[in-house]
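User: Please take a close look at one helix of this model and set it in the context of the parts that surround it. A connected account would be preferred to a list.

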Amino acid sequence: MAKFNLNINDKSKEVEVDAATPLLWVLRDHLNLTGTKYGCGIAACGACTVHLDGVAVRSCQMPVSNIENQKITTIEGLSENGDHPVQKAWLEHDVPQCGYCQSGQIMTAVAFLKENPNPSDPEIENAMNGNICRCGTYLRIKAAVKTAANS
């Protein structure tokens with residue numbers, strides 16, 4: 001076991017875990033930040049997406065020991081009141097059905113729009129590709145990303 005000082009949602013958190021522990025399990029099991037979901041465990045579905053210094057990463061395959069002095073943002077830290085433009089667009093377009101993948105979808109969309117604030121439809125589709133929605137709300141996801149880009 002090793003101690004790690006992490007900057008999560010603009011707060012300093014210390015955890016004592018095995019160095020190989022994936023960030024996902026540190027967040028969920030040790031810090032009770034359960035908005036980040038376990039989907040596949042192999043970084044293929046996107047349900048576990050968080051930001052490291054603003055970049056979308058899959059936390060299920062990111063060992064906590066690989067995170068040095070980076071700012072971690074989870075869905076809980078995206079907006080204090082759930083009023084980030086992407087979150088508002090998600091509600092406007094009634095994107096969630098079961099909701100399981102939505103935190104990963106939102107975190108991916110936020111990082112993408114930061115890099116590309118005026119995307120085309122193919123750019124949105126490409127950026128969101130790899131975030132799996134079992135309910136198939138892809139058209140609503142794309143519409144919400146477009147709305148958020150225009151807000």
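Analyst: The expected span of a helix is 1.5 Å times one less than its number of residues. The model examined here is a predicted one, and the helix chosen is α4, residues 102-115. With 14 residues, α4 should span 20 Å, and its end C-alpha atoms are 20 Å apart, which agrees.

The surroundings of α4 begin with burial. Of the 14 residues of α4, 12 are buried, so that the helix is mostly covered. The buried residues run from polar to nonpolar: among them are Gln102, Ser103, Gln105 and Thr108, as well as Ile106, Met107, Val110, Phe112 and Leu113.

One residue of α4 merits separate attention. Ile106 lies in this helix, and at 8% relative accessibility it counts as buried, the cut-off being under 20%. Leaving aside neighbours within four places in sequence, Ile106 is in contact with Ile75, Leu78, Val86, Gln87 and Trp90. The C-alpha atom of Ile106 is separated by 9.9 Å from that of Asn131, which is 25 residues away along the chain.

These contacts lead to the nonpolar core. The largest such core has 21 residues, and Ile106 is listed with Val86, Trp90, Leu113, Ile141 and Val145 as having the most contacts inside it. The helices α2, α3, α4, α5 (121-128) and α6 each supply at least two residues of this core. The largest share, 6 residues, comes from α4. Apart from this core lies another, of 17 residues, which includes Leu23, Val50, Leu52 and Ile72.

A partner of α4 on the helical side is α3. In α3, which covers residues 85-92, the buried residues are Val86, Gln87, Ala89 and Trp90. Seen down the axis of α3, these buried residues fall within an arc of 160 degrees, so they line one face of the helix. In general, an α-helix has 3.6 residues a turn, so residues three or four places apart point the same way. The buried residues of α3 pack against α2 (75-78), α4 and α6 (138-149). The face of α3 turned away from its buried side carries the exposed residues Lys88, Leu91 and Glu92. Just after α3, Asp94 takes a positive phi of about 50 degrees.

The account now turns to the sheet. It is an open sheet of 5 strands in the order β2-β1-β5-β3-β4, with mixed pairing. The strands β2 (11-17) and β4 (55-58) stand at the edges with a single partner strand each, so one side of each is left without a neighbour in the sheet. Neighbouring strands are turned by 40 degrees against each other on average, direction ignored. Strand β3, residues 49-52, pairs with β4 in the antiparallel sense over 4 bridges, and Val50 stands opposite Val57 in β4. Helix α4 packs on this sheet, touching β3, β4 and β5, and its direction makes about 35 degrees with that of β3. Helix α1 (residues 23-30) also packs on the sheet, where it touches β1 (2-8), β2, β3 and β5 (71-73); the direction of α1 makes about 100 degrees with that of β2.

The remaining pairings involve β1. Strands β1 and β5 pair in the parallel sense over 2 bridges, with Ile8 opposite Ile72 in β5. Strands β1 and β2 pair in the antiparallel sense over 7 bridges, and the bridge partner of Ala2 in β2 is Val17. The hairpin of β1 and β2 has 2 residues between the strands. Most residues other than glycine have a negative phi. In the loop between β1 and β2, however, Asn9 has a positive phi near 55 degrees, and Asp10, also placed in that loop, has a positive phi near 65 degrees. Asn9 is buried, with a relative accessible area of 17%, whereas Asp10 counts as exposed at 58% relative accessibility.

To return to the helix under study, α4 touches β3, β4 and β5 of the sheet, and the buried residues of α3 pack against α4. Helix α4 also gives the largest share of the 21-residue core.

Technical notes: Residues are numbered from 1 along each chain as its sequence is written. This is a predicted model: local features need pLDDT of at least 70, side-chain atom pairs count only at pLDDT 80 or more; totals for chains, interfaces and linings use all residues. Side-chain values use heavy atoms; hydrogens and water are left out. Two strands pair if DSSP finds at least two bridges between them. Axes are lines fitted to C-alpha atoms, for helices over the stretch in contact, and angles run from 0 to 180 degrees between N-to-C directions. Contact means heavy atoms within 4.5 Å. Buried means under 20% relative accessible area, exposed over 50%, partly exposed in between (1.4 Å probe, protein chains only). The arc is that of the directions from the helix axis to the C-beta atoms. A nonpolar core is a set of buried Ala, Val, Leu, Ile, Met, Phe, Trp, Tyr and Cys residues joined through side-chain atoms within 4.5 Å.
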